[in-house]
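Please look through the sequence and the 3D structure shown here, and then read the report that follows.

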Amino acid sequence: MAVELDELSKTYDGGAGSVSALDGVTTGFADGTFTAVMGPSGSGKSTLLHCAAGLEQPTAGQVSIEGTRLGDLSETRLTRFRRDRVGFVFQDFNLVSSLTAAQNVALPLRLAGRKADAAAVRVALADVGLADRAGHRPRELSGGQQQRVAIARALFTRPAVLFADEPTGALDSRASRQVMALLRELVDMHGRTVVMVTHDPVAAGVADRVVLLVDGRIVDELTGADAPVIADRMTALERSC
Ligand SMILES: Nc1ncnc2c1ncn2[C@@H]1O[C@H](COP(=O)(O)OP(=O)(O)OP(=O)(O)O)[C@@H](O)[C@H]1O
C-alpha cells in the first residue's frame with residue numbers, strides 16, 4: 001500500500017472554538033491507483049491531503065507511506081522523507097517565475113544540495129509533453145503547461161505518491177482535460193500513485209475510485225464511476241448537508 005491512513009483526526013483550535021476537520025479517517029491508497037477525494041466545501045479534503053502528505057500534523061491517528069509512519073519521524077527526517085518520497089501539486093502551480101521550466105523541475109534537488117542530471121530533467125519534461133519548453137519561463141507557458149511543469153517537478157524524485165490539491169482548479173476545460181489525461185497516463189503507463197482533491201465530477205471521473213468526505217468522515221466510495229454518476233452523488237450529498 002503506498003499510503004495508509006489509520007483513524008486520522010485533525011482538530012483546529014482557534015479563537016472561536018475548536019473545529020474538527022478530520023474525524024477518524026481510515027483508508028488506504030494502493031500502489032498504481034488513482035483516487036479522487038470529493039466532498040462539500042469545508043468537509044476536510046485539503047486537511048486530509050495535507051496530513052497524508054506530512055505537510056500538517058494530525059491531532060490523532062497515523063499516516064504511513066510505504067510502511068514508514070510519519071508520526072515516528074523527527075522534523076528533519078520528515079522534511080527529508082517528504083522531499084524524496086512525496087510529490088505535491090497545488091491549484092496555483094507554485095512555480096518560481098524567474099526560473100525556466102527545466103530549472104523549476106531541478107529546483108527541489110538543488111535546494112537539497114544535490115545536482116539534478118540535465119538528461120533526467122529533459123526526460124521528466126518529455127514525460128509531461130513539454131520536451132520543447134525546457135527553456136521557457138512560467139509566464140511564457142499556458143496554465144495547463146505550467147501545471148504540467150509542476151507535475152514533472154513533483155515526480156522528479158520518483159515519489160511513492162503524488163498528491164494533487166485541485167490541480168485543475170485554475171484551468172479552463174481544455175487544459176483540465178489535458179492535465180487529467182496526463183495524470184491518468186502517469187498511473188497507467190508509469191505505475192504512479194495519485195491522490196487528488198477535486199470539486200469537478202469530470203476530473204473525478206478519470207480516477208479509479210472516488211472517496212466522499214462529509215464533516216471530516218468518509219461517508220461513501222465509488223469505484224469506476226463516470227462523471228454523471230459522481231455529479232448525482234455529490235448533489236445528493238450537498239442536499240443532505
Ligand atoms: N488552519 C485552520 N485553522 C482553523 N480551521 C481550519 C484551518 N484549516 C481548515 N480549517 C477548517 O477545517 C475544516 C476543513 O477544512 P478543509 O480546508 O480541509 O476543507 P475542504 O473540504 O478542503 O474545503 P474547500 O472545498 O472549501 O477547499 C473547515 O471547517 C475549515 O474551516
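Which element gives the largest share of the shell around the ligand? That share, three residues, comes from α1.

## About the model

This is a predicted model, in which local features need pLDDT of at least 70 and side-chain atom pairs count only at pLDDT 80 or more, while totals for chains, interfaces and linings use all residues. Residues are numbered from 1 along each chain as its sequence is written.

## Around the ligand

The shell, in which a residue counts if its C-beta atom, placed from the backbone, lies within 6 Å of the ligand, is made up of Y12, G14, V19, A21, G39, S41, G42, S43, G44, K45, S46 and T47. Two or more of these residues come from each of β1 (3-14), β2 (17-29) and α1 (45-52), where helices (H or I, at least four residues) and strands (E, at least two) are DSSP runs numbered from the N terminus.

## The chain as a whole

The chain has eight helices and 10 strands. Its radius of gyration, taken over C-alpha atoms, is 18 Å, close to the 18 Å from the globule rule (2.2 Å times the number of residues to the power 0.38) for 241 residues, so the chain is as compact as a globular protein of that length. Along the principal axes, the C-alpha atoms fill a box of roughly 50 × 45 × 35 Å.

Of the contacts in the chain with a separation of 6 or more, 69% are between residues 24 or more positions apart, a contact being two residues whose C-beta atoms, placed from the backbone, lie within 7 Å.
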